[in-house]
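This report describes one protein chain, with attention to its charged side chains and to how its strands pair. Please look at the sequence and the 3D view before reading on.

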Amino acid sequence: MHKKFLLPLLGCALFGAAAISQAQTAPGTPAATATATAAPERQAGFVKSVRGDVKLLSAAATARNAVPGDALASVDRIVTGPDSSASVVLRDDTTLVVGPSSRLDLKQFHFDATTHEGGLLVSLLRGSMRMITGLIGKTNPDAVRVETQTATIGIRGTDFIVQTDGQP
């Protein structure tokens, strides 16, 4: 009974968080353009919004508190606490909204802005995530993959929600 109620509620919460994060900094605004143009090629994207306790862990296992505008590397982990969430935007305009009590690994990201070729692999270890695919998903859907503890998902749509309990 509770799961039937909580899953739609979670979907609505993630949808709302994504809508709010997109409204906060619209593409093409000076703040969004400055952040995007300052990004070096090895940077995968940036943190757009943070609510609550959100940490970024680098490949070298260095943890830092996430704040809007933080750079996201091609291999980073996002960890959210209870009642926390984060929205990140990748260089191809893919938006990831990470829900409460979640752990998401950005395992691989590469993107050529000239040819729009690239690849994206994320692993949802625990919690929930909403993804709105960007140019990589639009030009080559096979290059976007999401892993969970029990499955690897090939993306064929442009907007979806994934939830896992973290148990194998």
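Asp53 counts as partly exposed, with a relative accessibility of 41% in this predicted model. Lys55, at 30%, also counts as partly exposed. The two residues form a salt bridge, in which the closest N and O atoms are 3.3 Å apart. Side chains of opposite charge can pair when their charged atoms come close.

How many salt bridges does a search of the whole structure find? The search finds three. The table lists them.

| Positive residue | Negative residue | N to O distance |
|---|---|---|
| Lys55 | Asp53 | 3.3 Å |
| Arg77 | Asp105 | 2.5 Å |
| Lys107 | Glu147 | 3.0 Å |

In the second row, the side chains of Arg77 and Asp105 meet at 2.5 Å, N to O. This pair links distant parts of the chain: Arg77 belongs to strand 5 (residues 76-80) and Asp105 to strand 8 (residues 103-112), 28 residues apart. Arg77 is partly exposed at 26% relative accessibility, whereas Asp105 counts as buried at 12%. Buried here means under 20% relative accessible area.

The third row joins Lys107 and Glu147, with 3.0 Å between the closest N and O atoms. Lys107 lies in strand 8 and Glu147 in strand 10 (residues 144-147), so this salt bridge ties together parts of the chain that are 40 residues apart in sequence. Is each partner buried or partly exposed? Lys107 has a relative accessibility of 39% and counts as partly exposed. Glu147 has a relative accessible area of 18%, so Glu147 is buried.

Asp92 is a charged residue without such a partner. It is located in the loop between strand 6 and strand 7 (95-98). Asp92 is buried yet has no salt bridge. Which side chain of opposite charge is nearest to Asp92, and how far away is it? It is Lys138, 7.8 Å away. A salt bridge would require a side-chain nitrogen within 4 Å of a carboxyl oxygen.

What does the side chain of Asp92 reach instead? One polar contact, at 2.9 Å, is with the side chain of Thr94. The Asp92 side chain also comes to 3.0 Å from the backbone nitrogen of Ile136. Leaving aside residues up to four places away in sequence, Asp92 touches Phe109, Phe111, Gly134, Leu135, Ile136 and Gly137.

Next come the strands. The chain has 12 strands and three helices. Strand 1 (residues 43-51) is mostly covered, with seven of its nine residues buried. Strand 1 pairs with strand 4 (residues 71-73) in the antiparallel sense over three bridges. Within this pairing, Gly45 has Leu72 in strand 4 as its bridge partner. Strand 1 also pairs in the antiparallel sense with strand 6 (residues 85-90), over six bridges. There, Val50 stands opposite Ala86 in strand 6.

The last values concern the chain as a whole. Of its 168 residues, 43% count as buried. The chain exposes about 8900 Å², and carbon and sulfur atoms supply 58% of that area. Among contacts between residues at least 6 apart in sequence, 53% join residues at least 24 apart.

Definitions and conventions
Residues numbered from 1 in each chain as written. Predicted model: local features only at pLDDT ≥ 70, side-chain atom pairs only at ≥ 80, totals over all residues. Heavy atoms only, no water. Helix = DSSP H or I, 4+ residues; strand = E, 2+ residues; numbered from the N terminus. Buried < 20%, exposed > 50% of the residue type's maximum accessible area, 1.4 Å probe, protein only. Contact = heavy atoms within 4.5 Å. Areas by Shrake-Rupley, 256 points an atom, 1.4 Å probe, with all protein chains shown as cover. Pairing = 2+ DSSP bridges. Lys, Arg positive; Asp, Glu negative; His and termini not counted. Polar contact = N/O pair within 3.5 Å; in protein donor to acceptor, adjacent residues only side chain to side chain.
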